[in-house]
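Let's take a walk through a protein model together and see how its parts meet. Have the picture ready and turn it as you read.

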2 protein chains.
Amino acid sequence: MKIPSKYMEEAVEQLATLPSVGKRSALRLVIHLLNRKPEEIERFANAFLEMKKHVKYCKSCGNISDEVICEICTNPRRKHDEICVVEDVRDVIAIEETGSYQGIYHVLGGIISPMDGIGPSDLNISSLLGKVQNGEVKEVIFALSATMEGDTTNFFLYKKLQASGIIISTLSRGVSVGSELQYADGLTLGRSIINRTPFKIEGN
Amino acid sequence: MKIPSKYMEEAVEQLATLPSVGKRSALRLVIHLLNRKPEEIERFANAFLEMKKHVKYCKSCGNISDEVICEICTNPRRKHDEICVVEDVRDVIAIEETGSYQGIYHVLGGIISPMDGIGPSDLNISSLLGKVQNGEVKEVIFALSATMEGDTTNFFLYKKLQASGIIISTLSRGVSVGSELQYADGLTLGRSIINRTPFKIEGN
């Protein structure tokens, strides 16, 4: 693709460095940007510079934050002895959106994936073990993807935490709320029968 | 979606102003950016600022260019009496990639679309008419989308150029090269029978 301006080409190339943005869609986006006012482009570009300058990883849980400690870790109304272990900040956002969790988080920054060369030492694990050893924690909840990498990471963490005597739990797996049985995959359906729960009228 | 950093939120919002980028994919891209080195972010952000500062529209044809006149218009080996009328720079790039065209271009910067409030006066039309009136042009080729808006624009330009006596042509419509007949849409197939061309052995 021969772009008739080297400045536009650089913009297209930079945008195409983002995952799942191809050169053709990058070109479409760049043409859209070119038609904006200079001050809008400045705001666009500055957003990334400011983000890189100011966004930190929370010293306590590894979540992103504008402060040294994130607003979930500093919130006195959260249960600080309940830690939900997640892969990255998107999982924190997703769980926070449910409004169903009152504890704090621990963001690993990835999951163990030998295929991608990511081992336990690349993840934010030691500070989790530290918190548990200090006796600050009653329960650790594994909220990782239901993939082989997720299972491997769960297993690794379980082995490390097992001796501490704290409660170790994981998200329940089962048929999605609102979905029809016949469309559930067999593995999920099988697990949901084995792990069946006492019937309860919602709201009681 | 509650993002735990106002700087990251601004970056997500700015990225989500781009067409067909939703907030969730913007977040994914921004997390990816956050993990890059500061100098990489600087290069990323600068690309857009530099582009806005330096990229111009060619004074002659409306194509994008780093100079006042674009490199196609200044190329003495192009046929300057053959003008291909296109909607935007992406069409120039696509036609240039075919290597099948030796003339110059005229970029309208859009097409007539009453639904979007775009009329002839919003487009780069008068300079095209000027070139034709000056007698510089032998042929004008309409290369607009095969949509109602494209047809409307073709019709408008045809009415304006008709009296000049120059050749006015348009891209041939027909069955795609390499495609199977049974999957061609009826309208295209019908047109391709009506506008059938003499059989020729390729390369002869």
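Which side chain of chain A meets K2(B) in a salt bridge? Look for E71(A): the side chains of E71(A) and K2(B) form a salt bridge, with N and O 3.1 Å apart. Keep in mind that you're looking at a predicted model, so every distance here is computed from that model.

That pair is a good way into the meeting place of the two chains. Across the interface of chain B and chain A, the rule finds six salt bridges. Over all chains, the count comes to 18. There are also polar contacts to look for: 20 residue pairs make them across the interface of chain B and chain A.

Which parts of chain B do the touching? Helix 1 (6–15), helix 2 (23–34), helix 3 (38–54), strand 2 (64–65) and helix 4 (89–98) of chain B each bring at least two residues to the side that touches chain A. Helix 3 of chain B gives the largest share, with 14 residues. If you sort the residues on this side of chain B by kind, you get 29 nonpolar, nine polar and 16 charged.

Now for the extent of the interface. On chain B, 54 residues are in contact with 54 residues of chain A. The area buried between the two chains is about 5,500 Å², and carbon and sulfur atoms give 68% of it. Within chain B, the residues that lose the most area to chain A are Y7(B), F48(B) and K52(B), which together make up 12% of what that side buries.

Back to the charged pairs, and this time let's see where they sit. Find E10(A) and R43(B), which form a salt bridge whose closest N and O atoms are 2.8 Å apart. This pair crosses between chains, running from helix 1 (residues 6–15) of chain A to helix 3 of chain B. Are its two members buried, exposed or something in between? E10(A) has a relative accessible area of 21%, so it counts as partly exposed. R43(B) is partly exposed too, at 47%.

Now swap the chain letters and look at E10(B) and R43(A). Their side chains meet in a salt bridge as well, at 2.9 Å from N to O. E10(B) lies in helix 1 of chain B and R43(A) in helix 3 (residues 38–54) of chain A, so this pair joins two chains. E10(B) is partly exposed, with a relative accessible area of 22%, and R43(A) is partly exposed at 47%.

One more pair is worth finding. E97(B) and R24(A) meet in a salt bridge of 3.3 Å, N to O. It crosses from helix 4 of chain B to helix 2 (residues 23–34) of chain A. Here E97(B) is partly exposed, at 39% relative accessible area, whereas R24(A) is exposed, at 55%.

How are the two chains related to each other? You can lay chain B on chain A with an RMSD of 0.1 Å, using a turn of 180 degrees and a shift of 0.1 Å along the axis. That is the relation of a two-fold axis. To find the axis from chain B, look for A45(B): its C-alpha is the nearest one in that chain, 2.3 Å from the axis. Finally, 100% of the interface residues of chain B are also interface residues in chain A, so the copies meet through the same surface.

Methods: Residues are numbered from 1 along each chain as its sequence is written. Chains are lettered from A and ligands numbered from 1 in the order in which they are written. This is a predicted model: local features need pLDDT of at least 70, side-chain atom pairs count only at pLDDT 80 or more; totals for chains, interfaces and linings use all residues. Side-chain values use heavy atoms; hydrogens and water are left out. Contact means heavy atoms within 4.5 Å. Buried area is the accessible area (1.4 Å probe) that two parts lose on being put together, summed over both. A salt bridge is a side-chain nitrogen of Lys or Arg within 4 Å of a carboxyl oxygen of Asp or Glu. A polar contact is a pair of N or O atoms within 3.5 Å; within protein, one must be able to donate a hydrogen and the other to accept it, and residues adjacent in sequence count only if both atoms are side-chain atoms. Helices (H or I, at least four residues) and strands (E, at least two) are DSSP runs, numbered from the N terminus. Ala, Val, Leu, Ile, Met, Phe, Trp, Tyr, Cys and Pro count as nonpolar, Asp, Glu, Lys and Arg as charged, and the others, Gly among them, as polar. Buried means under 20% relative accessible area, exposed over 50%, partly exposed in between (1.4 Å probe, protein chains only). Copies are superposed by least squares on the C-alpha atoms of residues with pLDDT of at least 70 in both.
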